[in-house]
Amino acid sequence: MLKNIILYIVVFTVVGATSYFLQDLVLVDPPTYFGPLLIKAYTFHFLFSLTLVVIFLITSKNNSFFEQLGFMYMGVLVFKITIFAALFYPYLLGELIMPQIYRGALLIPVIIFLFLEVFFISKIMRKKRL
């Protein structure tokens with residue numbers, strides 16, 4: 001189990017850092033406040049997604065929780081998106097004037113880490129079923 005947790009940490013770190021630096025290179029002349037905001041978005045999704053996958057790995061060992069893990073994931077996903085929207089509301093939908101391209105760019109970490117979450121959680125659940 002420790003080997004899997006270390007693998008998750010490495011994969012999340014490499015994919016998150018690579019996508020951040022690629023996104024930072026692609027965005028041309030962003031506003032001064034956007035760089036730290038993008039770092040906060042990546043950090044939020046990195047920590048939340050990594051914690052979620054590790055918790056699912058640990059709880060998958062308990063047979064009484066295993067059958068409900070899919071439903072729990074859907075609830076946690078809604079919770080995660082709600083927290084993200086609440087934290088970044090002024091930038092995504094609020095009164096702060098920011099070009100649409102940068103608002104959309106804030107959603108790229110959501111997609112990247114959502115893919116990683118689904119990939120690893122489905123792998124955990126598939127391994128347990130076999």
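## Overall fold

The chain has seven helices and zero strands. Its pattern along the sequence is α-α-α-α-α-α-α. The model is predicted.

Along the principal axes, the C-alpha atoms fill a box of roughly 50 × 25 × 15 Å. The chain has 130 residues, and 38% of them are buried. Take the contacts between residues at least 6 apart in sequence: 77% of these join residues at least 24 apart.

## Surface and charge

The chain exposes about 8,000 Å². Carbon and sulfur atoms supply 76% of that area. The chain carries 10 positive and 5 negative charges. The mean positions of the two sets are 18 Å apart.

## A nonpolar patch

Leu2, Ile6, Val10 and Val14 form a nonpolar patch on the surface. Together they offer about 380 Å² of accessible area. Ile6 belongs to helix α1, which covers residues 2-26. Ile6 has 46% relative accessibility. This value lies between the 20% and 50% cut-offs, so Ile6 counts as partly exposed.

## A positive patch

Positive charge also gathers on the surface. The residues in this patch are Lys3, Lys61, Lys123, Arg126 and Lys127. Helix α7 gives the most to the patch, with three residues.

Lys127 is a patch member and lies in helix α7. Its relative accessible area is 55%. Exposed means over 50%, so Lys127 is exposed.

## The salt bridge

How many salt bridges does the structure hold? There is one. Lys80 pairs with Glu117, and their closest N and O atoms are 2.5 Å apart. The pair links distant parts of the chain. Lys80 sits in helix α4 (residues 69-87), and Glu117 sits in helix α7 (residues 108-129). The two are 37 residues apart. Side chains of opposite charge can pair when their charged atoms come close.

Are the two partners buried or exposed? Lys80 has 3% relative accessibility, so it counts as buried. Glu117 is at 0% and also counts as buried. The cut-off for buried is under 20%. Helix α7 thus appears in two settings: Glu117 of α7 takes part in the salt bridge, while α7 also supplies three residues to the positive patch.

## Helix α5 and the loop that follows

Helix α5 spans residues 89-92 and includes Pro90. At 29% relative accessibility, Pro90 counts as partly exposed. Which residues does Pro90 contact, leaving aside neighbours within four places in sequence? They are Glu95 and Leu96.

Met98 lies in the loop between α5 and α6, the latter covering 100-105. Is Met98 buried or exposed? Its relative accessible area is 4%, so Met98 is buried. Leaving aside neighbours within four places in sequence, Met98 is in contact with Tyr33, Phe34, Tyr91, Arg103 and Leu106.

Met98 and Lys3 are 95 residues apart along the chain. Their C-alpha atoms are separated by 42 Å. Lys3 belongs to the positive patch.

Notes:
Residues numbered from 1 in each chain as written. Predicted model: local features only at pLDDT ≥ 70, side-chain atom pairs only at ≥ 80, totals over all residues. Heavy atoms only, no water. Helix = DSSP H or I, 4+ residues; strand = E, 2+ residues; numbered from the N terminus. Buried < 20%, exposed > 50% of the residue type's maximum accessible area, 1.4 Å probe, protein only. Contact = heavy atoms within 4.5 Å. Areas by Shrake-Rupley, 256 points an atom, 1.4 Å probe, with all protein chains shown as cover. Lys, Arg positive; Asp, Glu negative; His and termini not counted. Charge placed at Lys NZ, Arg CZ, Asp CG, Glu CD. Patch = residues over 30% accessible without salt bridge, like charges linked within 9 Å, V, L, I, M, F, W, Y side chains within 5 Å. Salt bridge = Lys/Arg side-chain N within 4 Å of Asp/Glu carboxyl O.
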